[in-house]
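Dear colleague,

Please find below the structure that I am handing over to you. The findings follow after it, arranged by topic.

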Amino acid sequence: IQSGLVVAVAYPSADFDFTRVHDYCYERGYTIYPGKMQEKGTFRLCALGAIDEADIEKFFRVLREALVELGMVLPKN
């Protein structure tokens, strides 16, 4: 579910551990937020402030690194 500022993201796999991914990303300068629809397994991303394409690309690199390092299954493209 998407809006102009906040996006709800479905957990990419059944073994997704929000707390561990949150902490990994936070230590690298990014914050993800718990989802409002926890029964559906979601987290939220917020795009406030001066965010450009490079910032978004770096976040997704950090998120991918978190999933790999924490041993979570990556979705197949």
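Helices and strands are here taken as DSSP runs, with at least four residues for a helix and at least two for a strand, and they are numbered from the N terminus. In these terms, leucine 5 belongs to the segment before β1. Please note that the model is a predicted one.

Overall composition

The protein chain holds 2 helices and 3 strands. Read from the N terminus, the order of the elements is β-α-β-β-α. The chain has 77 residues, and 27% of them count as buried.

The sheet

How are the strands ordered in the sheet? The sheet is open and has 3 strands in the order β1-β3-β2, with antiparallel pairing. Its edge strands are β1 (6-10) and β2 (33-34), each of which pairs on one side only. In general, the strands of a sheet pair through backbone hydrogen bonds, in either a parallel or an antiparallel manner.

Between β1 and β3 there are 5 bridges, and the two strands are antiparallel. Valine 6 has cysteine 46 of β3 as its bridge partner, and alanine 10 faces threonine 42, also in β3. The antiparallel pair formed by β2 and β3 is joined by 2 bridges. Here proline 34 has phenylalanine 43 in β3 as its bridge partner.

The nonpolar surface patch

Which residues form the nonpolar patch on the surface? They are Leu5, Val6 and Leu48, and together they present about 260 Å² of accessible area. Leucine 5 has a relative accessibility of 45% and therefore counts as partly exposed, since that class lies between the limits of 20% for buried and 50% for exposed. Val6 thus appears in two settings: it is part of this patch, and it is bridged to cysteine 46 in β3.

The negative surface patch

A patch of negative charge on the surface brings together Asp52, Glu53, Asp55 and Glu57. Aspartate 52 is located in the loop between β3 (42-46) and α2 (53-69), whereas aspartate 55 is part of helix α2. Both residues are partly exposed: the relative accessible area is 42% for aspartate 52 and 31% for aspartate 55. A residue needs over 30% relative accessible area to be placed in a patch, so aspartate 55 qualifies with its 31%.

Aspartate 55 may also be located relative to tyrosine 30. The two residues are 25 residues apart in sequence, and their C-alpha atoms are 9.8 Å apart in space.

The salt bridge

How many salt bridges does a search of the whole structure find? The search finds 1. Side chains of opposite charge can pair when their charged atoms come close. The partners in this case are glutamate 27 and arginine 28, whose closest N and O atoms are 3.5 Å apart. This distance satisfies the criterion because a salt bridge requires the nitrogen and the carboxyl oxygen to be within 4 Å. Glutamate 27 is exposed, with a relative accessible area of 61%, while arginine 28 is partly exposed at 35%.

Yours sincerely

Methods. Residues numbered from 1 in each chain as written. Predicted model: local features only at pLDDT ≥ 70, side-chain atom pairs only at ≥ 80, totals over all residues. Heavy atoms only, no water. Patch = residues over 30% accessible without salt bridge, like charges linked within 9 Å, V, L, I, M, F, W, Y side chains within 5 Å. Areas by Shrake-Rupley, 256 points an atom, 1.4 Å probe, with all protein chains shown as cover. Salt bridge = Lys/Arg side-chain N within 4 Å of Asp/Glu carboxyl O. Lys, Arg positive; Asp, Glu negative; His and termini not counted. Charge placed at Lys NZ, Arg CZ, Asp CG, Glu CD. Buried < 20%, exposed > 50% of the residue type's maximum accessible area, 1.4 Å probe, protein only. Pairing = 2+ DSSP bridges.
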